[in-house]
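Please open the model in your viewer and keep the selection panel at hand. The tour below goes from the whole chain to single pairs of residues, with a selection to make at each stop.

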Amino acid sequence: MRLFNRSSKYRGRPEDETHSFPRLLAYGTQHILTMYGGVIAPPLIVGGAAGLSAGDKALLVTAGLFVSGLATLLQTLGLGPFGSRLPLVQGVSFASVSTMVAIASDGGVRPVFGAIIVAGLIGLIASSFFAQLVRLFPAVVTGTVITVIGLSLMPTAFTWAQGGDGAKDLGSVSNIGLAALTLVVILVISRLFQGALSRLSILIGIVIGTVVAVCTGKADFSRVGEAKIFALPPVLHFGSPTFGVAAIVSMTIVVFVIMTETTADILAVGEIVGTTVDAKRVAGGLRADMAASTVAPLFGSFPASAFAQNVGLVALTGIKSRFAVAVGGGVLLLFGLLPVVGAVVAAIPYPVLGGAGIVLFGTVMSSGIRTLARVRYQNNLNMLIVAVALGIGIIPVAAPKFWQAFPSWFGVIMHSGISATAIVAVVLNLLFNELRAGNKPGASVFEAGESSLDRFGDTLEDDLDTRERRARAGHRPAGT
């Protein structure tokens, strides 16, 4: 497998670590299993809104898998100026679902595809300029955004744990129990085993959870036999795309939201992997995103973006290799060509995915907190930046209808907690840290509060260190 051992201009970076092909296959498959539900959900939702038949919706799903696989390979391995060459999994973006549903409800999928092609081209042209904004993402911004990525994904994990949207037994004890079992298996393996086995804890947890689900009647593999063994995604199966101005404008706004989220994911995975991410690499990642999104409608698929849950998997397992994710992209591509294999994976119960999702999405959030812990809070307003950006970012989670009365374009931007957090954090960082005019140390009540908390924390830490040193020296506290 020379593909995974060749030299590259990124040689020596953490993301270029190599493993044997069996391990790469296991690690890559683990990535795909954790995000599979997220890939197949948007096609089903949009297909339903467009009134498509079951067969046509199935084509949307397989096309989504096929394009996601190609996009992942482009993102991880790179091709010229395309691709960040980082361990990022690409998949059909959730951020575009509400806009696509609105367009599809009126005119079917053809105007959706037309809007995606034009918006994707606009995003592709703007990628280089957009990437220059990477300097506006210091640790106080990236840490806040990464934390909100994890927080924003948590409701998805909880919904899966209850049985998934539309489940007749949503929230049943058996569903939540199955999710809890999967979670416990992952925790036990992570605690008791070391090395490769521990790094495959998510995959093992999903497999054991699925086996238990089959034994208890919670998994249905009956439709696997109905799926075709091999099928190429048809080109323009739904007809030629149509182009409407309103649809294009709406989708262009969505594309810039996707680019904001992908930028955050690229910075997040770079932080987790411990590699240098400059404007050039961000631009390459955005170009891969937009190129895949532009081509996707030809096969009957939708905009692609980096999947944040897989960023969490990188942090959890410590597998930094982009080649492992590239193999996962190959698995996705295979699922798109072998509907029967995809049908097997699609039968994994949502509660099992929910149990794994709690660990994965929580890991993303923890990575953000770890980044924020390195931020300097003395003599500045960084705590205020974090407080406000986090507050705005969790609005879509805590109050999903908060922006409902606002113009649709504004709602599209702010309903994504990730993009809302990024925008607010960047703007506040510019106002409070970059624009020095009028800044006076200690002038703000928030800065004073931060200093007091810092002094209290330092005092408490010093006290604990003193007690620990005394305990090691054999001293016993008075009264014991």
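## The whole chain

Begin by colouring this predicted model by confidence: the mean pLDDT of the protein is 83, and 87% of its residues reach 70 or more. Switching to a cartoon, you will find a secondary structure that comes to 19 helices and 2 strands. Of the 480 residues of the protein, 52% count as buried. If you draw a contact map, residues 24 or more positions apart account for 83% of the contacts with a separation of 6 or more.

Before going further, select residues 1-10, where pLDDT stays under 50 and for which the model has 18 contacts beyond four places in sequence. Then select residues 476-480, where pLDDT also stays under 50, but for which the model has 0 contacts beyond four places in sequence. Where pLDDT is low, the predicted coordinates should not be read in detail.

## Salt bridges from the segment before α1

How many salt bridges does a search of the whole structure find? The search finds 4, and three of these bridges are stops on this tour.

Select E15 and R281 and show their side chains, which meet in a salt bridge with an N to O distance of 2.9 Å. E15 lies in the segment before α1 (21-49), whereas R281 belongs to helix α10 (residues 279-299), so the pair ties together parts that are 266 residues apart in sequence. Both E15 and R281 are buried.

Next, select D16 and R322, whose side chains meet in a salt bridge at 2.7 Å, N to O. This pair also links distant parts of the chain, with D16 in the segment before α1 and R322 in helix α12 (residues 322-337), 306 residues apart. Are these two residues buried or exposed? D16 is buried, with a relative accessible area of 3%, and R322, at 3% relative accessibility, counts as buried too.

## Helix α10 and its partner α4

Keep α10 displayed and add helix α4 (residues 109-131); the axes of α4 and α10 come within 8 Å and cross at roughly 170°. Because angles over 145 degrees count as roughly antiparallel, the two helices α4 and α10 are described as roughly antiparallel to each other.

To see the contact itself, show side chains on both helices: among those in α4 are F113, I116, I117, L121 and L124, and among those in α10 are V282, L286, R287, M290 and P297. By class, the contact of α4 with α10 has 14 nonpolar, 6 polar and 1 charged residues.

## Two crossings

Move on to helix α11 (residues 308-317) and α14, whose axes come within 8 Å and cross at roughly 80°. That angle makes α11 roughly perpendicular to α14. The residues to select in α11 are A308, Q309, V311, G312, L313, A315 and L316, and those in α14 are V359, L360, F361, T363, V364 and S367. By class, the contact of α11 with α14 has 9 nonpolar, 4 polar and no charged residues.

For the second crossing, select helix α5 (residues 139-162) and helix α9 (residues 245-273), where the axes come within 10 Å and cross at roughly 105°. α5 is thus roughly perpendicular to α9. Here T142, V145, I146 and I149 in α5 meet A264, D265, L267 and A268 in α9, and by class the contact has 6 nonpolar, 1 polar and 1 charged residues.

## Further along α9, and a loop

Now select E271 and R374, whose side chains meet in a salt bridge at 2.0 Å, N to O. E271 lies in helix α9 and R374 in the loop between α14 (350-372) and α15 (382-393), so the pair ties together parts that are 103 residues apart in sequence. E271 is partly exposed, with a relative accessible area of 29%, while R374, at 54% relative accessibility, counts as exposed.

The last selection is L232, which is found in the loop between α8 (201-215) and α9. At 61% relative accessibility, L232 counts as exposed. Add P339 and draw the C-alpha to C-alpha distance: L232 and P339 are 9.6 Å apart in space and 107 residues apart in sequence.

Key: Residues numbered from 1 in each chain as written. Heavy atoms only, no water. Axes fitted to C-alpha atoms, helices over the stretch in contact; angles between N-to-C directions. Helix = DSSP H or I, 4+ residues; strand = E, 2+ residues; numbered from the N terminus. Parallel < 35°, antiparallel > 145°, perpendicular 65-115°, else oblique. Contact = heavy atoms within 4.5 Å. Nonpolar A, V, L, I, M, F, W, Y, C, P; charged D, E, K, R; others polar. pLDDT = per-residue confidence, 0-100. Buried < 20%, exposed > 50% of the residue type's maximum accessible area, 1.4 Å probe, protein only.
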